[in-house]
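Student: Could you take me through one part of this predicted model up close? I'd like the helix, how it begins and ends, and whatever sits around it.

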Amino acid sequence: MPITVAPYGRELTVRKVRADEKTGKRLRELGLCEGGAITLIASSGGSVIVAVKEGRLCLDKKLAAAVIVA
């Protein structure tokens, strides 16, 4: 399921990031990689804030729809 429809507060596992090579590389550098654990903190209008490792990331609507979690 895309992270935009994931439940709040649960630890989720990233299954796939469907982004272009440059964006995918940057997300991996920030800790958002396949098999990694993230937690959805907030969502507003399709944009999301996720906790990754010890930090937080804000993803816009388009990028959030490209992150598939389980």
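Tutor: Let's start at the far end: Gly31 follows helix H1 and has a positive phi, near 105°. Now go back to the start of H1, which covers residues 21-29. There, a side-chain oxygen of Asp20 comes to within 3.2 Å of the backbone nitrogen of Lys22. Between those two ends, have a look at Arg26 and Glu29, both in H1. Their side chains meet in a salt bridge, at 3.3 Å from N to O. The two residues are three apart, about one turn of the helix. An α-helix has 3.6 residues a turn, so residues three or four places apart point the same way. Add to that the charge side of things: side chains of opposite charge can pair when their charged atoms come close. The structure holds one salt bridge, and the pair is Arg26 with Glu29. As for its surroundings, Arg26 counts as partly exposed, at 48% relative accessibility.

Past Gly31, you'll run into Cys33, so it's fair to ask about its sulfur. The closest cysteine sulfur belongs to Cys58 and is 19 Å away, too far for a bond. A disulfide here would need the two sulfurs within 2.5 Å, and a search of the whole structure finds zero disulfides. The two cysteines also fall in separate accessibility classes: Cys33 is partly exposed at 29% relative accessibility, while Cys58 is exposed, with a relative accessible area of 61%.

Technical notes: Residues are numbered from 1 along each chain as its sequence is written. This is a predicted model: local features need pLDDT of at least 70, side-chain atom pairs count only at pLDDT 80 or more; totals for chains, interfaces and linings use all residues. Side-chain values use heavy atoms; hydrogens and water are left out. A polar contact is a pair of N or O atoms within 3.5 Å; within protein, one must be able to donate a hydrogen and the other to accept it, and residues adjacent in sequence count only if both atoms are side-chain atoms. Helices (H or I, at least four residues) and strands (E, at least two) are DSSP runs, numbered from the N terminus. Buried means under 20% relative accessible area, exposed over 50%, partly exposed in between (1.4 Å probe, protein chains only). A salt bridge is a side-chain nitrogen of Lys or Arg within 4 Å of a carboxyl oxygen of Asp or Glu.
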